[in-house]
Amino acid sequence: MKLHRALAITLLAVAPASCGLAYGAGSAKNIQAAPVVAGSIPVAKAEVDRGRYLVRIGGCNDCHTAGYAAKAGHVPEQEWLLGDSTAHEGPWGTSFPTNLRLTMLRYNDQDWLKHARSFAARPPMPWFTMHEMTDQDLLAILRFVQWLGPKGEPAPPALPPGESWIGPVVRYSVSNAP
Ligand code: HEC
């Protein structure tokens, strides 16, 4: 019985790759039962490549990868999405781009889709753009982050308005908060 279950899970996990449906309609059904530990499931290369592309052109590195914009994108991939202690300060207080290599790995496919479609975060995170992404694109981004694996420290916690950060700060004079 146990063997049966293990076999079924393995088949489910490799199905999109073997059917060539890595980011076709079938991949949304490839839902894991529990939060995924990086490296514990076989990931389809095409889906990882698609995720890498989306992260790059979606601008996620501009904020979530320290020094990315300053170095015109010349940051090794292993250093991507580790968050940044450069503060973003505005009428909302002070926010720090999250270390996605830690936070995103908490989600299984289903929970990630739910979260990515419903969350709101402090500026300047463009959360409303993520609500518009297709299942396939959101899952490809998750797959890429799972493939990169966990690394780094959590970003500093956000500060309320009126408290200032001792490190580097980007200041905004208007809020894009709803
Ligand atoms: C302009 C800067 C900026 C860009 C671009 C950006 N982010 Fe963010 N992101 C942030 C900041 C700042 C936070 C922390 C917000 C807070 O403290 O509420 C954040 C938070 C998040 C969170 C955590 C929200 C939560 O509670 O789960 C996720 C997930 C996320 N970003 C994913 C992405 C992805 C994926 C991309 C690219 C498509 C992206 N971000 C692009 C600045 C940015």
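Which polar backbone atom is 2.9 Å from an oxygen atom of the ligand? The one in R122, and the first close-up starts there. Keep in mind throughout that this is a predicted model.

**View A. Around the ligand.**
The ligand has 18 residues around it, and the ones that come nearest are C60, C63, H64, H115 and M125. Two histidines reach it with their side chains. A polar side-chain atom of H64 sits 2.8 Å from a ligand nitrogen, while H115 puts a polar side-chain atom 2.5 Å from a ligand oxygen. R122 joins in through its backbone, with a polar atom 2.9 Å from an oxygen atom of the ligand.

**View B. Helix α5 and its two faces.**
Here we zoom in on α5, which runs over residues 109-118. Which of its residues are buried? They are D109, W112, L113 and A116. These four span an arc of only 100° around the axis, so they end up on the same side of α5. Look at the face turned away from that buried side and you'll find K114 and S118, both exposed. As for what covers the buried residues, the list includes α6 (127-130) and α7 (135-148). At the N-terminal end, N108 acts as the cap of α5: one of its side-chain oxygens lies 3.2 Å from the backbone nitrogen of Q110.

**View C. R101, a buried arginine without a salt bridge.**
R101 belongs to helix α4 (residues 100-103). This arginine is buried yet makes no salt bridge. How far away is the nearest side chain of opposite charge? That is E79, at 6.7 Å, whereas a salt bridge would need a side-chain nitrogen within 4 Å of a carboxyl oxygen. What R101 does have is backbone oxygens. The one of Q78 lies 2.9 Å from a polar atom of the R101 side chain, and the one of G149 is reached by that side chain at 2.6 Å. Leaving out residues up to four places away in sequence, R101 touches E77, Q78, E79, W80, L81, L82, V145, L148, G149, P150 and K151.

**View D. K151 and E79, a salt bridge between two loops.**
Both of these residues touch R101, so this view follows on from the last one. The side chains of K151 and E79 meet at 3.0 Å, N to O. K151 is in the loop between α7 and β3 (169-171) and E79 is in the loop between α3 and β1, which makes this a link between distant parts of the chain, 72 residues apart. Buried or exposed, or something in between? K151 is partly exposed, with a relative accessible area of 30%, and E79 counts as partly exposed at 34% relative accessibility.

**View E. F144 inside helix α7.**
F144 lies in helix α7. How much relative accessible area does F144 have? It has 0%, which makes F144 a buried residue. The contacts of F144, not counting residues up to four places away in sequence, are V48, G51, R52, V55, E77 and W80. One of these partners, V55, is 89 residues away along the chain, and its C-alpha atom is 8.6 Å from that of F144.

**View F. D137 and R50, a salt bridge from α7 to α2.**
A search of the whole structure turns up nine salt bridges, and this close-up shows the one where the side chains of D137 and R50 meet, at 3.0 Å from N to O. D137 is in helix α7 and R50 in helix α2 (residues 45-57), 87 residues apart, which is another link between distant parts of the chain. D137 is buried, at 16% relative accessible area. R50 is partly exposed, at 25%.

**View G. R52, E77 and their network.**
The side chains of R52 and E77 form a salt bridge, 2.8 Å from N to O. R52 lies in helix α2 and E77 in the loop between α3 (60-64) and β1 (87-90), so the pair ties together parts that are 25 residues apart in sequence. With 19% relative accessibility, R52 counts as buried, whereas E77 is partly exposed, with a relative accessible area of 24%. Which residues are linked with R52 and E77 in a network of salt bridges? K45 and D49 are. R52 and E77 also appear among the contacts of F144, which ties this close-up to View E.

Methods. Residues are numbered from 1 along each chain as its sequence is written. This is a predicted model: local features need pLDDT of at least 70, side-chain atom pairs count only at pLDDT 80 or more; totals for chains, interfaces and linings use all residues. Side-chain values use heavy atoms; hydrogens and water are left out. Buried means under 20% relative accessible area, exposed over 50%, partly exposed in between (1.4 Å probe, protein chains only). The arc is that of the directions from the helix axis to the C-beta atoms. Contact means heavy atoms within 4.5 Å. A polar contact is a pair of N or O atoms within 3.5 Å; within protein, one must be able to donate a hydrogen and the other to accept it, and residues adjacent in sequence count only if both atoms are side-chain atoms. Lys and Arg count as positive and Asp and Glu as negative; His and the chain ends are not counted. A residue is near a molecule or strand if one of its heavy atoms lies within 4 Å of it.
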